[in-house]
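Me: Could you walk me through this structure with a few questions and answers? I am new to this, so please take it step by step.

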Amino acid sequence: MSASAVSQSLRSSQDHSSDETRKETADPRFTEILLRAVYSENRVIRNNLTANRGKYKSHRIKSKNLILEAANGLSGECIVIGLGNGMDVPLKRLTKQFDHVTVIDIDRETCEATVSKLSDNLQTKVTIKQRDLTGTLDPIAKKLETFLEQDPKPTHANFCNKVLELIRIAIVQRLDLPEGEASFICSSLVLSQQISLLHFYILTLENKFYPSETTFINSNPEYNVLISELANQAQSDHPKHIRYWLNEKGKGYISTTVEKVSVLESNDRLAFRRMNPPRLMVNPSAIGKISEIFDVFKKEMWYWYSHPARESCDCDKIGSGFRVHGMLLETKKT
Ligand SMILES: C[S@@+](CC[C@H](N)C(=O)[O-])C[C@H]1O[C@@H](n2cnc3c(N)ncnc32)[C@H](O)[C@@H]1O
């Protein structure tokens, strides 16, 4: 089935189920520039995966095995958050195991392409909901783009002030998913990403409106403070939202990149080194929040060699990657 056929089939399965038990609401309309920015992030991951299959293998196997272990013995409704290219999510196995799988991701196009690789039969068990997990990206994008339509060449100061004003009033919202319906929720490498998309989108806009200038928003200290505050808020709300959607006996899986590392490749041996200063990807308090809300019944740490060094010389090579944490969760016994 082609990706557009999948889109049709998924939309009609959504329409069909709306008059039954599962209430559906329409996808919000995101701005085109936001969607292009989101899609290009996933295209980069896809291209890197194609170019580095061997080097991604251990991360993918680790992640898929942990997700299957967390989901072991469960059935009913499964939610996959941030499916994207599905490189580290065992979508086929989950779709076979559960009665229904809801995919939540802001990038519908990439998710449709991923789902289209399933058999026709399994595809009918999947519903894609195109949503921003934080509820902040779209309102900011719409207001910023309206502002730029009225004044396509604002001064740097006016552009920065508008961005700062919008981020200051942004509040992380919970999505319109039913409470307590899911028996399993998988969130794989999304926690640290939720607000990175907003940052990437703002840089995309800046580049579109000031094409021949070097970036200025990125070096605005107040911008950096506000965007990381918003990211902290989204990160600590993520496990709360997952708990809200899970049923009492539900289980969950959250993995996240926790730190960017440099990778020294020498005679096919890899050495993972912390950067100086350290480049943390999540606020440690967000990880603490997960164990406040859930019983973490297994926790693992591994490295994902995401950006291998170029094969241009025989000498030692330096690439980069991430330290990743994966946590298997169950609802706290009261
Ligand atoms: C780094 S990728 C995760 C990798 C993915 N699990 C895979 O197996 O390919 C992050 C995914 O989360 C989605 N995402 C990031 N931030 C989001 C947000 N605020 N709302 C919804 N989806 C988001 C992205 O579109 C992307 O598909």
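**Around the ligand**

Reply: Happy to! In this predicted model, helix H2 (residues 32-51) gives the shell around the ligand its largest share, three residues.

Me: Which class of residue is the most frequent in the shell around the ligand, nonpolar, polar or charged?

Reply: Let's go through the classes. Four residues of the shell are charged and nine are polar. Another eleven belong to the remaining class, which is nonpolar.

Me: Which residues come nearest to the ligand?

Reply: There are 24 residues around the ligand. Those that come nearest are Gly 82, Gly 84, Ile 106, Asp 107 and Leu 133.

**Helix pairs**

Me: Are helices H7 and H9 roughly parallel or roughly antiparallel?

Reply: H7 (residues 137-150) and H9 (residues 196-209) have axes 11 Å apart, at an angle of about 15 degrees. Angles under 35 degrees count as roughly parallel. Therefore H7 and H9 are roughly parallel.

Me: How many charged residues are in the contact of H7 with H9?

Reply: H7 brings Leu 137, Ile 140, Ala 141, Leu 144 and Leu 148, while H9 brings Leu 197, Leu 198, Tyr 201, Leu 205 and Phe 209. By class, ten are nonpolar and none is polar, and the number of charged residues is likewise no more than none.

Me: Is the crossing of H8 and H10 left-handed or right-handed?

Reply: H8 (residues 156-168) packs with H10 (residues 221-245) at about 25 degrees, their axes 10 Å apart. That angle makes the two helices roughly parallel. As for the handedness, H8 passes H10 in a crossing that is left-handed.

How values were computed:
Residues are numbered from 1 along each chain as its sequence is written. This is a predicted model: local features need pLDDT of at least 70, side-chain atom pairs count only at pLDDT 80 or more; totals for chains, interfaces and linings use all residues. A residue is near a molecule or strand if its C-beta atom, placed from the backbone, lies within 6 Å of it. Helices (H or I, at least four residues) and strands (E, at least two) are DSSP runs, numbered from the N terminus. Ala, Val, Leu, Ile, Met, Phe, Trp, Tyr, Cys and Pro count as nonpolar, Asp, Glu, Lys and Arg as charged, and the others, Gly among them, as polar. Axes are lines fitted to C-alpha atoms, for helices over the stretch in contact, and angles run from 0 to 180 degrees between N-to-C directions. Angles under 35 degrees count as roughly parallel, over 145 as roughly antiparallel, 65 to 115 as roughly perpendicular and the rest as oblique. A crossing is left-handed if the near helix is turned anticlockwise from the far one by less than a right angle, and right-handed if clockwise. Two residues are in contact if their C-beta atoms, placed from the backbone, lie within 7 Å.
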